[in-house]
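Work through the exercises below with the model open beside you. Try each task before you read its solution.

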Number of protein chains: 2
Amino acid sequence: MDDSNAKIIFQPSGRRGKVPKGTTVIEASRMLGADIEALCGEKKICGKCKIRIEEGRFDKYGVESRQSHVSPWQAEEDKFINAEEKAAGYRLGCATKVEGDLLVYVPEESRAGKQVVSKAARNILIEHNPGVKLYYIEVAKPKFEEPTGDFERICAKLESDYGLEDLGIDIQTLRNLPTTLRQGDWKVTVSVWMDKEVIRVRPGKTINSYGLAIDIGTTTVAAYFCNLSTMEVIDTVSMMNPQCKYGEDVMSRITYHMMNKDGLEKMSNDIIEAINGLIGQAVKGTHPPKTKVKKEKDETAPDEWIELPEEGKTYLRLAREDIEDITIGCNTAMHHILLKINPEHVGLAPFPPVVHHSLDIKARDLGIHVNPSAYVFMLPIEAGFVGADNVGVLIAEEPYNRDEIQLIIDIGTNGELVLGNKQKLISSSCATGPALEGAQLTFGMRAAPGAIERIRIDPETHEVDYKVIGRDAWRKYSESSEMKAKGICGSGILDLLAELFRAGIVAKSGAFNKKNQKSNRFRENPDSGQAEFVLAWAEETSIGKDIVITQKDVRQIQLAKGALYAGCKLMIRRMAIEKVDKVKIAGAFGTHVDREKALVMGLFPDCEIEKIISIGNAAGDGCRAALLNRDKRVEANWVSRNVEYIELTVEENFQQEFVAALQLPHMTDEFPHLKGILPDDVLNQA
Amino acid sequence: MDDSNAKIIFQPSGRRGKVPKGTTVIEASRMLGADIEALCGEKKICGKCKIRIEEGRFDKYGVESRQSHVSPWQAEEDKFINAEEKAAGYRLGCATKVEGDLLVYVPEESRAGKQVVSKAARNILIEHNPGVKLYYIEVAKPKFEEPTGDFERICAKLESDYGLEDLGIDIQTLRNLPTTLRQGDWKVTVSVWMDKEVIRVRPGKTINSYGLAIDIGTTTVAAYFCNLSTMEVIDTVSMMNPQCKYGEDVMSRITYHMMNKDGLEKMSNDIIEAINGLIGQAVKGTHPPKTKVKKEKDETAPDEWIELPEEGKTYLRLAREDIEDITIGCNTAMHHILLKINPEHVGLAPFPPVVHHSLDIKARDLGIHVNPSAYVFMLPIEAGFVGADNVGVLIAEEPYNRDEIQLIIDIGTNGELVLGNKQKLISSSCATGPALEGAQLTFGMRAAPGAIERIRIDPETHEVDYKVIGRDAWRKYSESSEMKAKGICGSGILDLLAELFRAGIVAKSGAFNKKNQKSNRFRENPDSGQAEFVLAWAEETSIGKDIVITQKDVRQIQLAKGALYAGCKLMIRRMAIEKVDKVKIAGAFGTHVDREKALVMGLFPDCEIEKIISIGNAAGDGCRAALLNRDKRVEANWVSRNVEYIELTVEENFQQEFVAALQLPHMTDEFPHLKGILPDDVLNQA
């Protein structure tokens, strides 16, 4: 073993490599392409490069102990890191030298290139029927002749004015009721959950109430902050899923639970903390200016919007208790972990979830800090590997209301597939792995500034043109030094394989066509002896070395796309249909993907290019639909039990189909729409 | 001010007086008749006389600060009082000298004469239909072809085997579900609450489940610990209501809340802690031996009863989580305080409660430690001064199912009255105050050893014979020194006034008949100049002084009985009836009361002696009925809204009736059944 070098892994980016001992953590992050903010140029005066030395042992992360593997604490760090943080392992990246193998966690605020999370709300049609509604009532005061209880007085009025019957009331709300009624001089606004339970009573008349629709992905968490009365999306807030430090994918988190007694507790607490953080962001009032919330003439509540004339903006001024409803959609493992339900069996054949049906849980029972009486609606689950996130996609897209046969693909760390129409719907999942999201590739990275997101390769010269996130111009129109490329993200990866193939650089088997190389970009790596192709020369990068794609990387991408394609094909066979009418691609991946290249790569079965549609964060849209329209909750339960789940791995011929699907692209008759897109010689190769 | 004496008040007995400075707390307790256990004879070696020096200021309790008013800590105390208790103000009574005014709290375990709480369960007919029921099911294991969720699998079985539909499940139960199902090899016993929600799943087959019916009185708390499957009352556990230290009656506790910012919180926490204590007692397994719980042949659960052959007894071995249901009945103020609902308006005209309807609240939301998914059923409330305790009495007695007109009197610190039959029921409350329970009288005390509970006075000689709690023989058959009388409790007080009146010692106005005294027991107190009558001479007592009843004491009793009688009379008038068919007396008071003497005293309107019935702790019986029969919960809500509450104080002629009712006894035509019981000259006095 080389004693002068130390191994270092950065989380959550997963960047890893060896650096000479004595290197500062921030220098190491540059070498390895992990992004740490460093405004002051490592002078230890800006405090922006806070990182946390993670616990861990050699067996899992190659890290033995955090104590001996970093240089001693420096006085300058005291200024930015308090005692509590210090105890938790926080350091300044510029003041900490690598003295041995390390696992370093870079908190979101210290990441230089914050991830571009494409989770903005789409315009989808939602009927207004929120889970929580407001009712204004004027109640008669108690008299000697009629000394009825406060709660019964408001119930009587809610029944006579609005027809609400048999209402319950949360104990937390009941506690404030007598004071609120008298404060409001017996005129109050009542928040009622699902026409069943009184969850809030406010003095006077008020017309707005708020809620959050939260989409928890394996990697990112996004929340739509909505006005339940106007249905307006006030803001979209998002962050990385803090569980990434326990493992990048679902299976490794389930494993973390099985290997660690308090693993479930820790992972659950982390995501709850993240949710509380998002709620905090949502109610803090720093939202982009929007239409000012209309105030009714007779509304007596104080104005929630503050105008800041110097900026010409309005801000929303709310408290946590103003959040009165939450819907959450996530995959089955994330669902179980959040709820502290043992997720072990979700990871073991035949992968049964613990519960399918939606759950209404008091937010307080989950430690979520919003209105103390509010509920959280957990969307129902289809199957162990097709979770509530997919149910969200379904209620947003409603394929069960269409004649045309849709194939809906949600590509995340796990691929989820739904196929069918109003006659029948089937679903399945396939282990695409994280390759399509940029992980596991030599220069793979998340969609962040510096990531190559678009690639073109000239079939004649094999010259490469590309575009990086954060810079508008393509390589061709830029100085080399301007590109500052750092790696390749998901959409770039898709482009890459399609272009390599179209240019004849790789054959349909995925192997580099050694005889057909036209530039010095193709080479054998002197260390590994592996074939590789240079995408960006060292001088075009911010990491000081050539960004390449290796034969092994191509294989990883093939495995991912093969799993997806084989899944689609087996489902089409199960449905006994010839072709699909429409392909919908959901997820952040779908937003950026070039549909022509997805087809070239053979990501899914052939379809007219115009019928391939990106539907963005449809899972999040489904959560929002359930927040704003309670009928969607019923619909979600119905659809979750009426989609037939197909376990692909036990399907006949699964293995053969998978192996065949690794090839790119398939026989012309399988892909009629590729004619004209791919050169004939590529398409017809033996 | 007298500098050599200090004022001392003992709680919860309320005994108070002045003692010379330098007196030990235990000596002071003897002088003032407060009971503190002292096994070792004040040698500081038994540790039984632990007391707590309470916080408080001069304005309320005449106490300024606890620090300077007691002698310094002694080394011997360390042995019995830990640091935490010390910080809370605990001392040994024998090691602590009074150096200034003090408020001393005597914890229940240090009280020499533990109160005799008459709350044993009566045999009442209850149909078996408990709120929580057990269902044994054998579930099919998940397969690839049928990988349905764990919860859906048990739901399907509960529906096919038992017809249960649309079940929910508590999040806490859901968390353990996958593990439990596999532990039990897919054979489990499911506890279902109200056919609505799964609250527990246990591996294997088990047939027993347990619950508590808790009756919270202003002064005492009693719980029936029941087997929900067999309906057996396993034990009755009881204790003093720890809220007594904030005030003896309901109004003073409401006042305590209004005067102290954290008053509600403190009082609620105290009663919750008491309930948790009772639950602890119930599950600890030290119950009297009972029929051993039958075990079914195929029951696979471990045996809950352990046989201790050396004692020939069986004990129940349970954990807190084995308590799966709780019902609670209490008066409106206790109800609101327990739930931390602002009770302020219950104490202000027109005295509306905050809620009438019964409440189902998760025990965990109240801090009650039982099964984490269990509910607490709070019985509904009739009115501000007729609470859930009275609803309990009603569903136990069911006057609404009878033809005969019943008058049901529940005498506690507050008197609650119900009158009617199946045609109509009315209720009201009257401020009897605590006199009938022994408080506020010079020598009044609770029903504890040493309390005079029965009295006979010879009309010829005015000699007094009596019996004390804890000693079987009457005074007449005992040595003076054997009696160790200490004071008079509720039932003794009733006897006393009736006997004083029958013997002609007091006139119908309540004044002592100065001209008709036949013994030296009647005298004028040399200090106060007040007339008084000696019940027990100093040598018969354990307190070293004559136990007397003063003119002022008689007035107190008259006020109480007058309030009760006037209330009954106004209700009878409101019902436009001539007489009642039956009088039922509930409460501990009712268990001990001599019905003939109650009639002589004019506690309630005339009735045949045989038709005066003691129904014991009917409020507790009602709670038990609601625990074991869910239909009683519906009945409780129905009756609470179908009893017409009469606010007596605003009734016409209330004041006149009350003044008239102070007299004893009333005109012969009002009390035909007194003929023969009272001598004619007494009955016919002008």
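The exercises cover the symmetry, the interface, a sheet, a salt bridge and some backbone outliers.

This is a predicted model, in which local features need pLDDT of at least 70, side-chain atom pairs count only at pLDDT 80 or more, and totals for chains, interfaces and linings use all residues. Residues are numbered from 1 along each chain as its sequence is written, chains are lettered from A and ligands numbered from 1 in the order in which they are written, and side-chain values use heavy atoms, with hydrogens and water left out.

**Exercise 1. Find the operation that superposes chain A on chain B.**

Step 1. Superpose by least squares on the C-alpha atoms of residues with pLDDT of at least 70 in both copies. Chain A falls on chain B after a rotation of 180°, with 0.0 Å of shift along the axis and an RMSD of 0.2 Å.

Step 2. The two copies are therefore related as by a two-fold rotation axis.

Step 3. Look along the axis. In chain A, Asp365(A) has the C-alpha nearest to it, at 4.5 Å.

Step 4. Compare the contact residues (heavy atoms within 4.5 Å). Of those in chain A, 100% recur in chain B; the same surface serves both copies.

**Exercise 2. Describe the contact between chain A and chain B.**

Step 1. Count residues. Chain A gives 38 residues and chain B gives 38 residues.

Step 2. Take the buried area, meaning the accessible area (1.4 Å probe) that two parts lose on being put together, summed over both. This area is about 3,300 Å², with 67% from carbon and sulfur atoms. Phe144(A), Arg175(A) and Pro350(A) supply 19% of what chain A buries against chain B, more than any other three residues.

Step 3. Look for salt bridges (a side-chain nitrogen of Lys or Arg within 4 Å of a carboxyl oxygen of Asp or Glu). There are 2 between chain A and chain B. One joins Asp365(A) to Arg364(B), with the closest N and O atoms 2.8 Å apart.

Step 4. Assign elements, where helices (H or I, at least four residues) and strands (E, at least two) are DSSP runs, numbered from the N terminus. Helix H4 (150-162), helix H5 (171-183) and strand E16 (359-362) of chain A each give two or more residues to the side that touches chain B. H5(A) gives the most, with 7 residues.

**Exercise 3. Which strands of the E22-E21-E23 sheet in chain B stand at the edges?**

Step 1. Read the order. This is an open sheet of 3 strands with mixed pairing; two strands pair if DSSP finds at least two bridges between them.

Step 2. E22 (464-468) and E23 (487-488) of chain B are the edge strands. Each has a single partner strand, so one side of each is left without a neighbour in the sheet.

Step 3. Check one pairing. E21 (residues 451-457) of chain B runs parallel to E23(B) over 2 bridges. Ile452(B) stands opposite Ile488(B).

**Exercise 4. What does the salt bridge of Asp495(A) and Lys597(A) tie together?**

Step 1. The N to O distance is 3.7 Å.

Step 2. Asp495(A) lies in helix H11 (residues 490-502) and Lys597(A) in helix H14 (residues 595-601), so the pair ties together parts 102 residues apart in sequence.

**Exercise 5. Locate the backbone outliers.**

Step 1. Recall the background. Most residues other than glycine have a negative phi, and most peptide bonds are trans.

Step 2. A cis peptide bond joins Ala349(A) and Pro350(A), with omega about 0°. Pro350(A) sits in the loop between helix H8 (332-338) and E16 of chain A.

Step 3. Glu398(A) is not a glycine, yet its phi is positive, about 50°. Glu398(A) lies in the loop between helix H9 (388-397) and strand E18 (406-411) of chain A.
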